[in-house]
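Student: I should like to understand how structural terms are justified. May we look at an example together?

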Amino acid sequence: MATRARSVRERQQADTFERSEQARRAGTIFAYGMLSFWAILSLVPIYFLFIMSFQDLGVSFTVRDIQWFPINPNLENYVTLFQLDAPYWIERRPIWRWAFNSGLVALIPTISNLVFDSAAGYALAKMRFPGRGLIFGMVIATMAIPEFITFIPLYRMMSDFHWMNTYWALLFPGFAGVAGIFLMKQSIQSLPSSLMDAARIDACSEWGIFWKIVLPLSKPVLAIVGITSFMAGWNSYFWPYLVAQSRDMLTLQAGLSSMMGAGATGLPPSSNDLGVVMAGAALAAIPMIVVFFIFQKYIVQGITVGGMKG
Amino acid sequence: MKSAMLRTALLLAFVLAFVAGAQEFPYDQQQDMNGEPDTIVVMGSSDFDPSTPAGAYLQEVARLYMEQNPHITVQMDYGSWGDLWQKVGVMLGNRQGPDLLVGPRDYLMANGRGGGQWEDIITVPEDQFLSAEAQRGMGPTLLEASRFPGREGFMVWPWTIYIDGTMVVNGDMLREAGYDPLEIQQNGWTMEEFMDVAKQVTNGDQYAAFFGPMGGHNGERIFLTGLLSHEQPYRLQSHGGGNPPFVDIETGELTWDQEGFTAGCQAIRTFIDEGWIPENTVGIAFDESRDAFVTGQTAFSFDGPDLLNLVEERNRAIANGEEQGEPVEGFVVPRPHFSGEGFQPVPVTALSYGYYSFKQEPYKGDAHTRNVFDFARFLTDPVFQIRKAADDSIPPDARVYMGEQSWFPGILGTGPNAQYLQSVREVWQPSMGIYITMATTPELQAALTSFRNEVYATTKEEVFLGRISCDDAVTQIQTELERVGEQVPMDQRLTAEAPAIAEDMAAFAREIGQPE
Amino acid sequence: MGDAQDGLGWPRIGLPNHLPPKEMMTKRGFFRRYFEDSRYSQWRWAYIFMSVDLAWAGLFLFFPLALAIVFSFQDFSLANIGDVRFIGFENYREILTDTRGWWHSVKVTAIWTLFTVPVNVAIAMGLSLLIAPLRDGPANFFKGAFYLPAVVSQVVVSVIMVWIFSPRSGLANMLLQSVGLPSQRWYASPELALFTLMLMAWLTGHGFGVLLYTAALKRIPTSLYEAADIDATSGWKKFWKITWPLIKPTTLYVTIIQLIASFQTFAGAFFITKGGPLRSTEFVNWRIYTAFYTDGNFGMASAMAVVLMVVIMMISIASFRLLGTDVEY
């Protein structure tokens, strides 16, 4: 184009630069302010969780003792949780066994979800085959129905398989995560097909495309699938409680929930000690926080390795 | 390297999965010593939680039983109250209920729960599982309360009774207002006296007589005193939960106690209008209102006597210096009643809590059923409990809790509260709601359930919130009830059993001195 | 390329187009050709990729789902557990004519969805747009802060929420009073109960959305923005021209997940309001829950759940049509 036009544009650019410098600073302050505000709001429950776990709350399931800062903070709740000084006639809670179970319930389905959901998601996103729409519809339908509606047939199934009170019942239904399929499909769909077509021309097998191209590019989403399915497994409590018959087969969350006693519904005997439950919940939260930060690393890594820069 | 990592992870997953499978809990694998190996699954709420004294005791009893019967494995499955009933629902939906379930009859078979689970609950003839001494030990009222009069028992073994129709008061506040809690405990009191106390103890934001009614809890029960203390033929009285039955099982008419409703309605409105119930407590969480009594912020609570446990617990914490505040002296007293024509003292209703068994599909065999009942007997045997208590192998708190002398944990020592509860035993009535449900058809039950949820409960809430006057509330409920009547014609309302049940109830009313 | 690029990906039974050509069916060597032809080889690969998940989901998810649909045509409840029988569409007829019960809860749920889904998607997107330009350290901190509440169990969160919004002396009322506003009755007031639950939804629980959006934003090549910078495009325009289309798949996903979650919303009613006061928070899922667990009426609960499922599916299809143009870069 003409020189004159270019100079106008340069001037515009200079203007924009100055303005954008100021705007950027204001924007950064605004961003930090806004984010901090929301972060504080989000962290309030966690803050109180930890505060309450260090406080003696008594047996009444009550709100009277929630304080900004704990009065006489102590470790009593944690001691009770592990029943370190339990009298001889009180059976100790198998809390480590619960933690182990929780770990299994969280970890194994997470691994299976990462592998199989991404494969299924890839097939649904990038391949045409008969039944594709139907399968995808089923995936959405499964997500759209309240989970407990399927508990009756599932319970029957577990008991017919003689899986009650075993790890099979605890783990197997979690192996196929429809939410993971849906997320992977949506994400892989936005990968350029040209990459895959190029690989096909290079005589790369479909498996090779999936393994070498799709998976590395999907790292951030895989991390999200990992976080969510780990968290779903770790937090699940009703299903483990439903299929367990003995104390030893509960998960941490199910065990904690069973300590809530009669609770708000009010019929005695109510024996809940909210402080102990809070201590348990605080401990149960820690592994998830760790896992979150492990996976989060991959979300960030995904961009640097992704090599998608146009 | 990445793929190596993933592969390792995959391998690890499967190894773990198989190890996990091999770790199967030794279920049904006991060696036979003097019988076929058998497993008994007992379910309950926190009843079996070993971190509570009572739960630890029951676990101990189960362990003892297993020692004596090595071929039997007892599994005690407990969860929180809400979880427990969800799990039981799923299990019963598959006709695979637990071998034994401990819970209150009225909850298991409440109207809201379809009222029909009794179909699958095993019916046990009385003499088959209750020895003569056991019956004497449990007391006739307890037995009566756990079964329908004139019908076979539904409970494998009765265990504990909870009562409805009493309340707890703050002794100090009552004395300050010039009333003697012990005297009230003995002789009862009227609504006027109750209101007089309320007026005197309310002190701005500091103290209130009472905290908010809503959603079926606590405060709402002032309202219920109207229905409960109004004299009505026994079959029309409000039993248990305090909702009117809305149907006369003798005639099939849809009818309800408008006079009792109005009396209760005006009482609760007075409480709110006068500020004896602070307006900002209407609808607060149940725990918060319970807590207000425990911490001495309110003078009354319409909770059961078990609330005094929390009071005790807090008093103990104050004595130990773990908590700050003034200790509260709690008394369990009769609920106030209206004094006018046609009103009577509020009858105390008993809610029985015990072990249930369910029909199994497929049937697990006679031997299994025998084992289950044998264990239930062992678990609840009063003679056995007394012996255990005597040789000190039951922890002190649990001792108070278990056995026929001790329905109310911790509070039934020797004090006036214990004496009062002991005397209440002689007069309480079984809660009859389910009996009435049994006389009605599923169609009417369904129509009445949605009527209760969508009209009756909502109208009451409107009263509490001051949206509607008591007269308008009566009109609204009456109009909607008539609509239910149009929906379910007269000949489709009652079951074939209804006349017999009505007769039963009339006979029972004569026996306990209630209007027929 | 075009062939695999069906952006909608929504029920479109692909069968007729994908049958092998007629002449192929008649010739010898059908199977050999069939597998050599890349199009059909794709079928095979697709099924292989999905086999494990399909087998598993088929057994533990689709099969129970199908049974639940069967239950919805039955008179199946704890009250007549010994005599379960098919009653055709009776359950559905009862639900759809129940104006005071079912349709009331539909209304409540619709209001809830209308006010939470768009707002929550917008908040998650907004927060992510604010996080995106930050350095890794603070960005990670904020992502963590938004996500961490999810690690706390719902029971615990609801205990704390009840305390915060207590009509008597909760934190929320303390804040209102400190700025001179009258205190409110929050969840105890029929007018404010639903709003209180909405407030809880708006203020917390954006972690998942933020993670997805930040991941999506990071994948947008910076070169696109650089080009826009050279063209001196305004920030707003940059967003609409570059960011918005490129994060559309994420928006679609987040929207649908939020839609499903909001139609199934339940925790607030379960832990805090019990559907009240004056039934102002009686969500559809709360109704299904009480039908299932409290009344033990499994047939009716299944029928309601199926109706809910159909509604969610229909709205999801609409969202796919609305937001579903496929984008790559």
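Student: What makes up the contacts in chain B with a separation of 6 or more?
Tutor: This is a predicted model. In chain B, 76% of those contacts join residues 24 or more positions apart. A contact here requires C-beta atoms within 7 Å.

Student: How many residues of chain B count as buried, and in what secondary structure is the chain arranged?
Tutor: Of its 516 residues, 52% count as buried. The chain has 22 helices and 11 strands.

Student: Why is strand 2 of chain B described as largely enclosed by the rest of the structure?
Tutor: A residue is buried if 20 or more other C-beta atoms lie within 10 Å of its own. In strand 2, residues 72-78, 7 of the 7 residues are buried, so the strand is largely enclosed.

Student: How do you know that both faces of this strand are covered?
Tutor: In a regular strand the side chains alternate between the two faces of the sheet. On one side B:Ile72, B:Val74, B:Met76 and B:Tyr78 are buried, and on the other B:Thr73, B:Gln75 and B:Asp77 are buried as well.

Student: What makes strand 1 and strand 2 of chain B a pair?
Tutor: Pairing requires at least two bridges. Strand 1, residues 38-44, is joined to strand 2 by 7 bridges, so the requirement is met. The two strands run parallel, and B:Val42 stands opposite B:Met76.

Student: Which residues touch the most other members of the largest nonpolar core?
Tutor: Among its 300 residues, they are A:Ile224, A:Ala281, B:Ala209, B:Phe271 and C:Ala305. Helix 3 of chain A, residues 95-126, gives this core its largest share, 15 residues.

Definitions and conventions
Residues are numbered from 1 along each chain as its sequence is written. Chains are lettered from A and ligands numbered from 1 in the order in which they are written. This is a predicted model: local features need pLDDT of at least 70, side-chain atom pairs count only at pLDDT 80 or more; totals for chains, interfaces and linings use all residues. A residue is buried if 20 or more other C-beta atoms lie within 10 Å of its own, exposed if 12 or fewer, and partly exposed in between; C-beta atoms are placed from the backbone. Helices (H or I, at least four residues) and strands (E, at least two) are DSSP runs, numbered from the N terminus. Two residues are in contact if their C-beta atoms, placed from the backbone, lie within 7 Å. A nonpolar core is a set of buried Ala, Val, Leu, Ile, Met, Phe, Trp, Tyr and Cys residues joined through C-beta atoms within 7 Å.
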